[in-house]
Amino acid sequence: MKIKKICCIGAGYVGGPTMSVIADKNPGIQVTVVDINEARIKAWNSENLDELPVYEPGLSEVVARARGRNLFFSTEIEKNIDEAEMIFISVNTPTKTYGKGKNMAADLKYVELCARQIANVATSDKIVVEKSTLPVRTAQAIKTILDQTGNGVKFQILSNPEFLAEGTAIQDLEQADRVLIGGEQSAEGKEAIQALVDIYAAWLPQENILTTNVWSSELSKLTANAFLAQRVSSINAISELCEATGADVSEVAKAIGMDSRIGPKFLKASVGFGGSCFQKDILNLVYIAKSLGLDNVADYWEQVIIMNDHQKKRFAENIVSTLFNTVSGKKIAFLGWAFKKDTNDTRESAAIYVADLLLEEQAEIQVYDPKVKPHQIYTDLNALNTRTEEENKAQLQVVNNPYEACKDAHAIAVLTEWDEFTTYDWKRIYDTMKKPAFVFDGRKILKEEELKAIGFEYYAIGKA
Ligand SMILES: NC(=O)c1ccc[n+]([C@@H]2O[C@H](COP(=O)([O-])OP(=O)(O)OC[C@H]3O[C@@H](n4cnc5c(N)ncnc54)[C@H](O)[C@@H]3O)[C@@H](O)[C@H]2O)c1
């Protein structure tokens, strides 16, 4: 089966970049990304490529090549669903904030709405692809909903989880370690799998395209994120031990990372992981294990989250105790708000929680981030409901210049590992700060010796 038209529901951090690359590499397939969010679609269609709603290195070039040729962004959801032979569901699956499974289970209401919408409008057979990260066995629920249409339309459900990392999304898509496609093991299922394999084979070697049963595919995505996050929490746990013993976590990470059984990646100690996925996917895994009565499995993975929360809190508390046990009325500069460099995404960013704890201690915070807009920073803080919007606005300011952020500050906290932070004139920054001038490097990116020579009191995670 040769696919000619694809519709992707959800023009977010996954749907946008993924479909842009699929369209770029398959000029013969018409790819339309649809979303209920009109502003988002408008931004995807913006003439000025700096205004795309997602910032990713290399994305604007891909969009420039494919948009208007065979890549389209639209709010016409029903028409595009009906016309496509293959429909990707790439909507958000946040942690539930209500009812059974509150704060743990994935909220599948957006996915279910998509399935119902597809069932309502489809007049021809469709391959429906789960691109969103979903609890294992969700494909069954989607199939049950789709099969209730009663109008003779046949559906095949595939699981095709996305492994891209924000900040390197285009590179991850263009040179994927692997693509995973799970499908039914029947003749029709295998035909659907092959149709999707063909799309990826336009640019990836066949051996990088894995096919499995649906449940393995769904569970592999949750497992991959759990393993990655576990490495971060593991090295962060060791960072606290380093601070108490005089060991240096960077040296320990290097020493263990050179063991080929361990490997060097994801061993950088930090203020804690963020992002929209790690926490929610582990909580989801914990919830699934608990629901199946597998309490030991659930407790094991929950510890990864507990350690991460501890690391963020520990970072904030260290700032308070080092600044002579009070930050009340003191200005603290935040360098970075995004959850990692090279993205404008702030979901679950450690910066939000560190700021919240410091604001509780009556600190005044000045934030500079090269890509995050002020409105987003206030939205993140207000969502915690710790204090009123007016109080957040009064205690935290967002500036568009790093030197201004650091002026008159008692301390600087580095929350994101943006490359540009290493290139600043640190002597100039030091001269404008209150003394003693402290730097708390939550990402271990600054040059310790250089800062100390200037006069800074420098603290990095994982070093006594
Ligand atoms: N962000 C990542 O790095 C990443 C990586 C891998 C997998 N994932 C998974 O991919 C999925 C999407 O993540 P994201 O970061 O792109 O989310 P996102 O919030 O950026 O985008 C989701 C989009 O779906 C739209 N949407 C929701 N319901 C809709 C509906 N019924 N019809 C049309 N549009 C609808 C929303 O308006 C939003 O624009 C999630 O399940 C996530 O876990 C994310």
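Reader: What makes the lining of the largest cavity three nonpolar, one polar and two charged residues?

Author: In this predicted model, the residues lining that cavity are Thr422, Trp426, Leu446, Lys447, Glu450 and Leu451. Trp and Leu count as nonpolar, Lys and Glu as charged, and Thr falls among the others, as polar. So the class split comes out as three nonpolar, one polar and two charged.

Reader: How do you know that the largest cavity belongs in the search result, with its volume of about 40 Å³?

Author: The search of the whole structure takes cavities of 30 Å³ or more, and it finds three. At about 40 Å³, the largest cavity passes that cut-off.

Reader: Over to the ligand. Why is the pair between threonine 93 and the ligand called a polar contact?

Author: A polar side-chain atom of threonine 93 sits 2.6 Å from a ligand oxygen atom. The limit for a pair of N or O atoms is 3.5 Å, so this pair counts. The protein also covers 92% of the 830 Å² of accessible area that the ligand has on its own.

Reader: And what makes the isoleucine 36 pair count as a polar contact?

Author: Here a backbone N or O atom of isoleucine 36 does the job, 3.4 Å from a nitrogen atom of the ligand. That is still within 3.5 Å, so it qualifies. Arginine 40 uses a polar side-chain atom instead, 2.7 Å from a ligand oxygen atom.

Reader: Which residues are closest to the ligand, and how does the shell divide?

Author: The closest of the 26 surrounding residues are Asp35, Arg40, Thr93, Glu166 and Lys280. By class, the shell has ten nonpolar, nine polar and seven charged residues.

Note on methods
Residues are numbered from 1 along each chain as its sequence is written. This is a predicted model: local features need pLDDT of at least 70, side-chain atom pairs count only at pLDDT 80 or more; totals for chains, interfaces and linings use all residues. Side-chain values use heavy atoms; hydrogens and water are left out. A residue is near a molecule or strand if one of its heavy atoms lies within 4 Å of it. A polar contact is a pair of N or O atoms within 3.5 Å; within protein, one must be able to donate a hydrogen and the other to accept it, and residues adjacent in sequence count only if both atoms are side-chain atoms. Accessible areas come from the Shrake-Rupley method with a 1.4 Å probe; for residues, only the protein chains shown count as cover. On a 1 Å grid over the protein atoms alone, a cavity is a set of points where a 1.4 Å probe fits but cannot get out, and a pocket is an open set with protein on both sides within 12 Å along at least five of seven lines; lining residues have an atom within 4 Å of a point. Grid points are joined across faces, edges and corners, and a volume is the space filled by probe spheres set on the points.
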